[in-house]
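Biologist: Before we discuss particular residues, could you put the model in front of us and tell me how its elements are assigned?

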Amino acid sequence: MSPPAPWLPYARSLGMTTRYLLPTGMSWSAVTPLIAGEGRRPYVKVASDGVRTIHVAFTDGHPMEEERDSLYYVAYRAGAFLHADGTPVARLDDLPIDPGDADLVYDAEARGVSSWVWDVAADSLGCPAIAYAVFPEGT
């Protein structure tokens with residue numbers, strides 16, 4: 001019996017590096033980093049539409065550890081990570097994803113205020129919806 005599509009089991013290592021386990025037939029591949037950024041702790045939220053797409057929203061790192069923490073988005077569908085408009089970002093073999101290659105949802109550098117993703121979902125048309133907070137100085 002196959003698992004419901006889409007699926008991409010999520011794990012987070014003891015070192016707080018965001019990682020995914022990638023299914024390869026009847027066995028698992030090596031644990032693979034999803035997001036590039038040595039020593040950083042990206043905060044990740046994932047949601048499936050239950051049909052064919054997994055929505056992924058993530059930050060550069062933890063807002064208490066990054067001077068400016070931006071927010072990014074990719075979708076996973078049919079073995080590839082995609083921009084919201086469906087253009088390719090990376091295939092599973094290309095991981096990890098550089099945040100600069102994903103869709104920039106919130107630019108902390110330009111705004112001078114960090115963000116933190118709270119949730120990601122899809123609307124009735126399958127478009128991504130992302131809830132996030134911003135953290136002005138002194139909060």
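Modeller: Helices (H or I, at least four residues) and strands (E, at least two) are DSSP runs, numbered from the N terminus. This is a predicted model, and on that assignment the place of alanine 78 is in the loop between β8 and β9 (80-82).

Biologist: How many helices and strands are there in the protein?

Modeller: From the N terminus on, eleven β elements come before the α element, and two β elements follow it. Counted by type, the elements of the protein are one helix and 13 strands.

Biologist: Is alanine 78 buried or exposed, given that it has a positive phi without being a glycine?

Modeller: The phi of alanine 78 is about 50°, and the residue sits in the loop between β8 and β9. A residue counts as exposed over 50% relative accessible area. Because its relative accessible area is 71%, alanine 78 is exposed.

Biologist: Which side chain of opposite charge is nearest to aspartate 60, a buried residue that has no salt bridge?

Modeller: Aspartate 60 lies in the loop between β7 (54-59) and β8 (71-77), and among the residues it touches are Pro42, Arg68 and Pro99. A salt bridge needs a side-chain nitrogen of Lys or Arg within 4 Å of a carboxyl oxygen of Asp or Glu. The nearest side chain of opposite charge is 4.2 Å away, and it belongs to arginine 40.

Biologist: Which side chain does a polar contact of 2.9 Å join to that of aspartate 60?

Modeller: A polar atom of the aspartate 60 side chain also lies 2.7 Å from the backbone nitrogen of serine 70, but that partner is a backbone atom. The side chain joined to aspartate 60 at 2.9 Å is that of tyrosine 72.

Biologist: Which strands each supply at least two residues of the largest nonpolar core?

Modeller: This core has 16 residues, and those touching the most other members are Leu34, Val56, Phe58, Val74, Phe81 and Ile97. The strands that each supply at least two of its residues are β7, β8 and β10 (88-91).

Biologist: Which residues is isoleucine 97 in contact with, leaving aside its neighbours within four places in sequence?

Modeller: Isoleucine 97 is one of the core residues that touch the most other members. Beyond those sequence neighbours, its contacts are Leu34, Ile35, Ala36, Val74, Phe81, Val89 and Ala90.

Biologist: What is the omega of the cis peptide bond from leucine 95 to proline 96?

Modeller: Proline 96 is found in the loop between β10 and β11 (103-106). The bond that leads into it from leucine 95 is cis, with omega near 10°.

How values were computed
Residues are numbered from 1 along each chain as its sequence is written. This is a predicted model: local features need pLDDT of at least 70, side-chain atom pairs count only at pLDDT 80 or more; totals for chains, interfaces and linings use all residues. Side-chain values use heavy atoms; hydrogens and water are left out. Buried means under 20% relative accessible area, exposed over 50%, partly exposed in between (1.4 Å probe, protein chains only). Lys and Arg count as positive and Asp and Glu as negative; His and the chain ends are not counted. A polar contact is a pair of N or O atoms within 3.5 Å; within protein, one must be able to donate a hydrogen and the other to accept it, and residues adjacent in sequence count only if both atoms are side-chain atoms. Contact means heavy atoms within 4.5 Å. A nonpolar core is a set of buried Ala, Val, Leu, Ile, Met, Phe, Trp, Tyr and Cys residues joined through side-chain atoms within 4.5 Å.
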